[in-house]
Amino acid sequence: MTYTRAEQGKTTKMLIIFFLITSLFSTESSIIQGFRWLLLLFLVLPLWLSYKLNIEEGRIRYGIYFFRFRLYEKLVKSESIKSIVFKRTGWSRKKAVINRRGHNIWVIFYEPSGIYEELESFANENGIAVKKTRDYKLLEKYY
């Protein structure tokens, strides 16, 4: 099943509005205005990024897309995964970290929320070590 990361850009949207309003009414030099527009561009571009995670038989496919164009895609086989650590982040949000050779993959803000159960069953089927923090176990119990 394919999971998509939910957008978490409320703070970015507020910053964009702030920069637009201040740049319209400012009388600064063109160099400062150029830096401001460049910063605005770097704040706007991530709003159109999407992250997809697909759990298949014996492998995980992770990709970053700009609109529908693939920027990065990685196929991770179960043999290269050292462990999956389930953690708690915030008050009631779950997070999983897929530890592998190379960089780790953070699984947070993905929808639908059944991704954590599927990751756990994927780890059990493929003999991958699973670690759950005490706070994560509390989330499992109450949420």
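Q: If contact is taken to mean heavy atoms within 4.5 Å of each other, across which strands does α3 lie?
A: In this structure, which is a predicted model, helix α3 (115–126) lies across β1, β2, β3 (59–66) and β8, and runs at about 40° to β2.

Q: In what order do the five strands of the open sheet stand, and what is the pairing?
A: As a general idea, the strands of a sheet pair through backbone hydrogen bonds, and they do so in either a parallel or an antiparallel way. Here the order is β4-β3-β2-β1-β8, in an open sheet with antiparallel pairing. Since β4 (69–77) and β8 stand at the edges with a single partner strand each, one side of each is left without a neighbour in the sheet. To take one pairing in detail, β1 (residues 2–5) and β2 (residues 49–56) are joined in the antiparallel sense over three bridges, and Thr2 has Asn54 in β2 as its bridge partner.

Q: How should the open sheet of four strands be read, and what is its order?
A: The order is β7-β6-β5-β9, and the pairing in this sheet is mixed. The edges are held by β7 (105–107) and β9 (129–132), each of which has a single partner strand, so that one side of each lacks a neighbour in the sheet. On average, and with direction ignored, neighbouring strands of this sheet are turned by 20° against each other. Strand β5 (residues 81–89) pairs with β9 in the parallel sense over four bridges, with Ile84 standing opposite Val130 in β9.

Q: Which strands does helix α4 lie across?
A: Helix α4 (residues 134–142) lies across β5, β6 and β9, and its direction is at about 65° to β5.

Q: What is the volume of the largest pocket, and how many residues line the largest pocket?
A: The general idea is that a probe the size of a water molecule, rolled over the atoms, shows where empty space is left. The largest pocket has a volume of about 230 Å³ and a lining of twelve residues, with Arg93, Lys94, Tyr110, Ser113 and Tyr116 nearest its centre. Two or more lining residues come from each of β6 (93–100), β8 (110–111) and α3, and the lining as a whole divides into six nonpolar, two polar and four charged residues.

Q: How are the rings of Trp48 and Phe67 placed, and why is the pair called stacked?
A: In general, a pair of aromatic rings is described by the distance of the centres and the angle of the planes. Four aromatic pairs are counted in this model. For Trp48 and Phe67 the ring centres are 5.8 Å apart and the planes are at 25°, so the pair is stacked, given that planes under 30 degrees apart count as stacked. This pair links distant parts of the chain, 19 residues apart, with Trp48 in the loop between α2 (30–44) and β2 and Phe67 in the loop between β3 and β4.

Note on methods. Residues numbered from 1 in each chain as written. Predicted model: local features only at pLDDT ≥ 70, side-chain atom pairs only at ≥ 80, totals over all residues. Heavy atoms only, no water. 1 Å grid on protein atoms, 1.4 Å probe; cavity = no way out; pocket = protein on both sides within 12 Å on 5 of 7 lines; lining within 4 Å. Points joined across faces, edges and corners; volume = space filled by probe spheres on them. Nonpolar A, V, L, I, M, F, W, Y, C, P; charged D, E, K, R; others polar. Pairing = 2+ DSSP bridges. Axes fitted to C-alpha atoms, helices over the stretch in contact; angles between N-to-C directions. Contact = heavy atoms within 4.5 Å. Phe/Tyr/Trp six-rings, centres within 6.5 Å; stacked < 30°, edge-to-face > 60°.
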